[in-house]
Amino acid sequence: MKPIRLPEPPASPRGMGGVPDIFEGGVHGVIRRAVVIGNGFPASENQSIGLIQALGLSDKHTRYRVTRPRGGINEWLHWLPVSLHKKLYYIICQICGILFRRRARQIGTLPMENGGNVGLSSILEADVKSIVRMARETFEKDGPLLVIASGRDTISITSSIKRLASDNVFVVQIQHPRSRLDRFDLVITPKHDYYSLTPQGKEQVPSFLHKWITPHEPPDKHVVLTVGALHQVDFAALRAAATTWHEEFAPLPKPLLVVNIGGPTRYCRYGADLVKQLTASLHNVLGSCGSVRISFSRRTPEKHSKIVVKELGLDPKVHIWNGEEPNPHMGHLAWADVFVITADSVSMLSEACSTGKPVYVVGAEHCTWKFTDFHKTLRERGLTRPFTGLEDMSESWSYPPLNDTAVAASRVNEALAERGWKIKA
């Protein structure tokens, strides 16, 4: 089988090093640190950390998180802005406390699954006032503050930081904020987030609903469009993973097929029938595989994973990760010769497509709305192919690796330069 090279490291987007800061915009024009604001979801926070890594600020950032009460009635309140959700939940708790005080001995305190303060005290909560104060008070000494955030729950925080400290910060919002993009210095979002503006998207929505579907305007110059999600999988990460997992993966018979199974989502609904189809197709290609590694995501329904374990768990070529060992995900990306991935996860597909190795997709026909546009783009660029079960896994194919994170980092540097700022090399 023809060996597949790891993607080459992208050229540095920064200018030449070795020039004192004072000769390149002065000390007040040099960014030496960053703030990352997350929402508690790994797939979302991974995008911000990936961008920080690509910008060379991995060891120069502070992480914050926007947290919501979880469990019980809170699951019905997630559509609200975070601040309103917290206030409403506080009021509900107060009312419940008054109504049930007389029964306190019978019911005890409010159950933990209804939210309470579970985990909140151990998380560095994103507070607008403290971040703005830091940006202002340290500006003279440390220069501007780069703020990077991802996810809907972070929007009110980052937009407030931008409004209150616009002279001291540069705010990058990852994932489309749906409206008023001028609240941020730069927005990074997948192209398929603009699917509603395409002819195909408009055909799927009744005309009287068009004004309620966002975004309303095409991307302007301060919007960076990507194919997929940002992530931390770059040349250095793959090389490091190849070394870390060498002892486990190097002896495996080739080709090594890695199968990543996610779970149904809003825009990609499927059930047990697709999982059974997947296992049947995997049985068909086992003859052309040296070894197979299968892993599940947090969203994989238990009934789906049980089907896979029942159908493939006893095959000597197959190893199914049980979730209890160290997560082999990076080792899979570094050592795999070919991937089979369910269509529901933009993140898993984006990471696999950054390796330049063959990626087969299962279940794209079950995807709707903007996910159809995402998969169409992947196929047209030669990044993925449908998995049919008729493939010869020893036959390789390749493509220019997807490098959304490096491109986004380059655009951040360009936008900073337009403002007269730069990231310290």
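## Lys370 and its surroundings

Let us start with Lys370, a residue of helix α14, which covers residues 370–380. The model is predicted, and every value here was computed from it. Lys370 has a relative accessible area of 17%. Because the cut-off for a buried residue is under 20%, Lys370 counts as buried.

Which residues does Lys370 touch, leaving aside those up to four places away in sequence? They are His192, Asp193, Tyr195 and Tyr267. With Asp193 there is also a polar contact from side chain to side chain, at 2.8 Å. Tyr194 belongs in this picture too: its C-alpha atom is separated from that of Lys370 by 7.9 Å, although the two positions lie 176 residues apart along the chain.

## A six-stranded sheet

Next comes an open sheet of six strands, paired in parallel, with the order β10-β9-β8-β11-β12-β13. The strands β10 and β13 (385–386) stand at the edges with a single partner strand each, so one side of each has no neighbour in the sheet.

At the β13 edge, the partner is strand β12, made of residues 359–362, and the two pair in the parallel sense over two bridges. If you would like a pair of residues to look for, Tyr360 has Arg385 in β13 as its bridge partner.

## The largest nonpolar core

The largest nonpolar core brings together 62 residues. Those with the most contacts inside this core are Leu257, Ile294, Val340 and Phe387. Leu257 makes a good place to look around: not counting residues up to four places away in sequence, Leu257 touches Leu282, Val285, Cys289, Ser291, Val292, Arg293, Val338, Phe339 and Val340.

## A buried serine in a loop

Strand β11 (338–342) and helix α13 (346–353) are joined by a loop, and Ser345 is found there. Is Ser345 buried or exposed? Its relative accessibility is 9%, so Ser345 counts as buried. A polar atom of the Ser345 side chain lies 3.0 Å from the backbone nitrogen of Met348.

## Two helices with a buried side

Helix α11 spans residues 302–312, and its buried residues are His304, Ser305, Ile307, Val308 and Leu312. These cover an arc of only 155° around the axis, so they sit on the same side of α11. The face turned away from that buried side carries the exposed residues Glu302, Lys303, Lys306 and Lys310. The cover over the buried residues of α11 includes β8 (256–261), α10 (272–285), β9 (291–296) and β10 (318–320).

Helix α4, residues 128–137, can be read in a similar way. Its buried residues are Val128, Ile131, Val132 and Ala135. Viewed down the axis of α4, these residues fall within an arc of 100°, so they line one face of the helix. As general background, an α-helix has 3.6 residues a turn, so residues three or four places apart point the same way. Lys129 and Glu137 are exposed on the face of α4 turned away from its buried side. Among the elements that cover the buried residues of α4 are β2, β3, α6 (155–164) and β5 (169–174).

## A right-handed crossover

Strands β2 and β3 also pair with each other. They span residues 33–38 and 61–65, and their parallel pairing runs over five bridges. Within this pairing, Gly38 stands opposite Arg65 in β3. Between the two strands the chain passes through helix α1 (residues 42–54), and this β-α-β crossover is right-handed.

Terms used: Residues numbered from 1 in each chain as written. Predicted model: local features only at pLDDT ≥ 70, side-chain atom pairs only at ≥ 80, totals over all residues. Heavy atoms only, no water. Pairing = 2+ DSSP bridges. Helix = DSSP H or I, 4+ residues; strand = E, 2+ residues; numbered from the N terminus. Right-handed = clockwise from strand over helix to strand, strands pointing away. Core = buried A, V, L, I, M, F, W, Y, C linked by side-chain atoms within 4.5 Å. Buried < 20%, exposed > 50% of the residue type's maximum accessible area, 1.4 Å probe, protein only. Contact = heavy atoms within 4.5 Å. Polar contact = N/O pair within 3.5 Å; in protein donor to acceptor, adjacent residues only side chain to side chain. Arc of directions from axis to C-beta.
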